[in-house]
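Here are some short exercises to work through with the model open beside you. Try each task on your own before you read its solution.

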Amino acid sequence: MGLVSAKEMLEKARKEGYAVGQFNINNLEWTKAVLSAAEENKSPVILGVSEGAGKYMVGYNTVVAMVKGMIETLNITVPVALHLDHGSYEGALACIEAGFTSVMFDGSHYPIEENIQKTKDIVKHATERGISVEAEVGSIGGEEDGVTGTGEVADPKECKMIADLGITMLAAGIGNIHGKYPENWQGLNMAVLKEIGETTNEIPLVLHGGTGIPDVMVREAISYGVSKINVNTECQLVFAAATRKYIEEGLDLKGKGFDPRKLLKPGYDAIIKVVKEKMDLFESSFKA
Ligand SMILES: [Zn+2]
């Protein structure tokens, strides 16, 4: 099927009551693992690229070329969207030019009027090319500002204002946090999520910080309109743990165990396993 916008896959997910995973990629192994898992599970998938990861992978053009090449050579038949994660205004425009099929413009740190203006502008550029747009209201907490243990909670009225701009999907802070959740985390604010779902006209909602949210909470969030769930930290943790185990067991010192294709294989396999588990949890498996 090749690269597609995230619009159709997310609207279908919203209507049928499941969620599509966004898995962030960092390099060739990561990308191959996520694409292979999606194909094995016959699930639609969104490859997330942060601006930092884009730079690390030698720019957006390199990322587009790598993903396109893999889709072709691996014979990937499921719908794949290549999506900029937490983009700046300039970053979103650059990805639209480079051939991404979906962009997030994160204007949540601007005053709402400025967020609206900039989001509107990105929507105009993206829509001309059939590219989906994610916008954000109410910033999502991070480890560094997780002192109170909760992320910022979005105002449903502001969510409605942004949802009405012609965006494809909306990320709203509902107490979710990037990275690991602190011990005293109070959980997702389901009342606010429900209200946002009801006031934003069936637009697919996005849940960031998918690592460490209990499964029952994930399912409840999907029932209120969450159709895209971002997973990043969890893949990093299992990749690191599997690589550590390989080295600690001294396997890199045995025979040709130092070969990078062998050294990175356990981490690669660990990512595939997590991605497939998430697809089953989000119920996107066999929905491609
Ligand atoms: Zn995020």
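## Exercise 1: Meet Ser 50

Ser 50 touches Asn 24, Asp 85 and His 86, leaving aside residues up to four places away in sequence. Touching here means that C-beta atoms, placed from the backbone, lie within 7 Å. Before going on, note that this is a predicted model: local features need pLDDT of at least 70, side-chain atom pairs count only at pLDDT 80 or more, and totals for chains, interfaces and linings use all residues. Residues are numbered from 1 along each chain as its sequence is written.

Task: Find the strand that holds Ser 50, and decide whether Ser 50 is buried, partly exposed or exposed.

Solution:
- Step 1. Ser 50 lies in strand 2, residues 45–50. Strands (E, at least two residues) and helices (H or I, at least four) are DSSP runs, numbered from the N terminus.
- Step 2. Recall the cut-offs: with 20 or more other C-beta atoms within 10 Å of its own a residue is buried, with 12 or fewer it is exposed, and in between it is partly exposed.
- Step 3. Ser 50 has 18 C-beta neighbours inside 10 Å, so it counts as partly exposed.
- Step 4. Now look at the strand as a whole: five of the six residues of strand 2 are buried, so strand 2 is largely enclosed by the rest of the structure.

## Exercise 2: The partners of strand 2

Task: Work out how many bridges join strand 1 to strand 2, and how many link strand 2 with strand 3.

Solution:
- Step 1. Strands count as paired if DSSP finds at least two bridges between them.
- Step 2. Strand 1 (residues 20–24) runs parallel to strand 2, and three bridges join them. Phe 23 has Leu 47 of strand 2 as its bridge partner.
- Step 3. Strand 2 pairs with strand 3 (residues 80–87) over six bridges, also in the parallel sense. Here Ile 46 stands opposite Ala 81 of strand 3.
- Step 4. Carry on to strand 4 (residues 102–105): three bridges join it to strand 3, and the two run parallel. His 83 stands opposite Ser 102 in strand 4.
- Step 5. Step back to see the full picture: eight strands close into a barrel in the order 1-2-3-4-5-6-7-8, with parallel pairing. From one strand to the next, the twist averages 25°.

## Exercise 3: Two helices side by side

Task: Describe how helix 5 and helix 6 are oriented, roughly parallel or roughly antiparallel.

Solution:
- Step 1. The axes of helix 5 (residues 89–98) and helix 6 (residues 112–128) come within 10 Å and cross at roughly 5°. Axes are lines fitted to C-alpha atoms over the stretch in contact, and angles run from 0 to 180 degrees between N-to-C directions.
- Step 2. Helix 5 is therefore roughly parallel to helix 6. The cut-offs are under 35 degrees for roughly parallel, over 145 for roughly antiparallel, 65 to 115 for roughly perpendicular, and oblique for the rest.
- Step 3. Tyr 89, Ala 92, Leu 93 and Ile 96 of helix 5 meet Lys 118, Ile 122, His 125 and Ala 126 of helix 6.

## Exercise 4: An unusual backbone angle

Task: Locate Asn 75 and say what its phi is.

Solution:
- Step 1. Most residues other than glycine have a negative phi.
- Step 2. Asn 75 is not a glycine, yet its phi is positive, about 55°.
- Step 3. Asn 75 sits in the loop between helix 4 (60–73) and strand 3.
- Step 4. Asn 75 is exposed, with 8 other C-beta atoms within 10 Å.

Conventions. Contact = placed C-beta atoms within 7 Å.
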